[in-house]
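Here are some short exercises to work through with the structure open beside you. Try each task first, then follow the solution step by step.

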Amino acid sequence: MKNIKVYNTEQLDNVRQSGKILSHTLVLLQESLRSGISTLELDRIAEDYIRSSGAEPSFQNYNGYKYSICTSINEESIHGMPRKDKILKDGDIISIDVGVRFNGMCTDAARTFAIGEISDEAKHLIQITEQSFFEAIRGLKAMSKVGDIGERIENYIRVNSTYSIVDRYFGHGVGEKVHEDPLIPNFIPPKKSIPKLKEIVRTRLPLHSVIAIEPMINMGVKDLKTASDKWTAITVDGKLAAHYENTLIILENGVEVVTLTNN
């Protein structure tokens with residue numbers, strides 16, 4: 001893991017502006033959510049806002065993906081594809097993942113939202129998933145180990161729930177590209193894990209690197225299957241899944257989260 005990029009002042013300022021546009025996109029999407037709206041309409045709303053802000057949707061045409069956002073409903077964990085016939089209804093939860101590129105610099109963030117009144121169990125899943133992110137960044141700073149992130153997430157999830165952590169997908173570096181080094185596990189790798197994973201968790205985060213931390217938490221088992229669209233990842237037991245993600249800059253004595261809505 002010697003390829004972690006470090007960015008200069010101008011690039012980091014563009015990361016901040018990219019994150020500001022992304023956070024405002026998420027606010028707009030949340031305000032647009034209602035029973036009866038299609039996920040394809042949400043995609044249009046996001047793309048129009050991102051482009052009107054002088055930026056580009058970084059997911060569009062990434063590895064052949066056609067859309068500006070990912071929309072994952074209920075048992076869909078991540079990578080849900082917007083469709084005209086995917087209509088939201090009261091009681092659903094939806095994870096929306098958005099990527100923005102501004103002046104060549106990318107940011108990435110996701111939220112899980114409620115449609116109308118949802119169950120207490122669904123509310124708890126969303127809350128625990130979000131809080132696990134904030135536990136992950138507690139004490140994080142330049143030269144922290146990548147493994148500290150997953151350790152904090154797993155310890156929090158274990159103490160506060162019976163939920164499982166998806167171990168098939170990871171957080172990641174972000175910057176000039178949508179996905180960069182390092183991979184960031186949201187869990188503590190098992191003792192018999194592959195050597196590459198052990199190397200990753202020992203990697204230290206350099207000053208002014210940029211990463212996206214994104215816990216993906218399932219109400220049931222951790223395992224996922226891929227839908228026929230070859231993108232959407234679905235829980236194998238059909239139980240609810242939640243996703244929470246932000247992009248952040250590694251600083252000397254902490255982190256700067258650039259995709260929060262107070263930007």
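**Exercise 1. Find the backbone partner of the Thr-235 side chain, and describe the surroundings of Thr-235 in this predicted model.**

*Solution.*
- Step 1: Start at strand β12, residues 233–235, where Thr-235 is placed.
- Step 2: Look for the polar atom of the Thr-235 side chain; the backbone oxygen of Lys-239 lies 2.7 Å from it.
- Step 3: Check accessibility. Thr-235 has a relative accessibility of 1%, so it counts as buried, the cut-off being under 20%.
- Step 4: List the neighbours. Leaving out residues up to four places away in sequence, Thr-235 touches Glu-75, Asn-218, Asp-223, Leu-224, Lys-225 and Ala-241.

**Exercise 2. Follow the contact from Thr-235 to Asn-218 and say whether Asn-218 is buried or exposed.**

*Solution.*
- Step 1: Asn-218 belongs to strand β10, which spans residues 216–218.
- Step 2: The relative accessible area of Asn-218 is 0%, so this residue is buried.
- Step 3: Beyond four places in sequence, Asn-218 touches Ser-77, Leu-125, Tyr-163, Ser-164, Val-166, Asp-223, Leu-224, Thr-235, Leu-240 and Ala-241.
- Step 4: Now pick a residue on another element. Lys-196 is 22 residues from Asn-218 along the chain, and their C-alpha atoms are 25 Å apart.

**Exercise 3. Lys-196 is in helix α5 (residues 195–202). Work out which side of α5 is buried and which is exposed.**

*Solution.*
- Step 1: Mark the buried residues of α5: Leu-197, Ile-200 and Val-201.
- Step 2: Look around the helix axis. These residues cover an arc of only 90°, which puts them on the same side of α5.
- Step 3: Turn to the face pointing away from that buried side. Here sit the exposed residues Pro-195, Lys-196 and Arg-202.
- Step 4: Find the cover. The buried residues of α5 are covered by elements including α4 (146–160) and β8 (180–184).

**Exercise 4. Strand β8 holds Pro-182. What kind of peptide bond joins Asp-181 and Pro-182?**

*Solution.*
- Step 1: Recall the background: most peptide bonds are trans.
- Step 2: Read omega between Asp-181 and Pro-182; the angle is about 0°, and the bond is cis.

**Exercise 5. Describe how α3 (120–136) packs against α4.**

*Solution.*
- Step 1: Two packed helices are described by the angle between their axes and the distance between the axes.
- Step 2: For α3 and α4, the angle is about 145° and the axes are 8 Å apart.
- Step 3: The crossing of α3 past α4 is right-handed.
- Step 4: From α3, the contact uses His-124, Ile-128, Gln-131, Ser-132, Glu-135 and Ala-136. From α4, the residues are Ile-149, Arg-152, Ile-153, Tyr-156, Ile-157 and Asn-160.

**Exercise 6. Which elements build the largest nonpolar core, and which residues have the most contacts inside it?**

*Solution.*
- Step 1: In soluble globular proteins, nonpolar side chains tend to be buried together.
- Step 2: The largest such core here has 33 residues, and the ones with the most contacts inside it are Leu-140, Ile-149, Ile-157, Ile-211, Ile-213 and Leu-248.
- Step 3: At least two residues come from each of α3, α4, α5, β9 (210–213) and β14 (246–251). The biggest contribution is from α3, with six residues.
- Step 4: Zoom in on Leu-248. Among the residues it touches beyond four places in sequence are Phe-133, Ile-137, Leu-140, Ile-211 and Ile-213.
- Step 5: A second, separate core has 22 residues, including Leu-22, Leu-29, Val-98 and Ala-109.

**Exercise 7. Two residues that are not glycines, His-79 and Asn-103, have a positive phi. Where does each lie, and how accessible is each?**

*Solution.*
- Step 1: As background, most residues other than glycine have a negative phi.
- Step 2: His-79, with a phi of about 65°, is in the loop between β3 (76–78) and β4 (93–102). Its relative accessibility is 24%, so His-79 counts as partly exposed.
- Step 3: Asn-103, with a phi of about 50°, is in the loop between β4 and β5 (105–114). Its relative accessible area is 56%, so Asn-103 is exposed.

How values were computed
Residues numbered from 1 in each chain as written. Predicted model: local features only at pLDDT ≥ 70, side-chain atom pairs only at ≥ 80, totals over all residues. Heavy atoms only, no water. Buried < 20%, exposed > 50% of the residue type's maximum accessible area, 1.4 Å probe, protein only. Helix = DSSP H or I, 4+ residues; strand = E, 2+ residues; numbered from the N terminus. Arc of directions from axis to C-beta. Contact = heavy atoms within 4.5 Å. Core = buried A, V, L, I, M, F, W, Y, C linked by side-chain atoms within 4.5 Å. Polar contact = N/O pair within 3.5 Å; in protein donor to acceptor, adjacent residues only side chain to side chain. Axes fitted to C-alpha atoms, helices over the stretch in contact; angles between N-to-C directions. Left-handed = near helix turned anticlockwise from the far one by under 90°.
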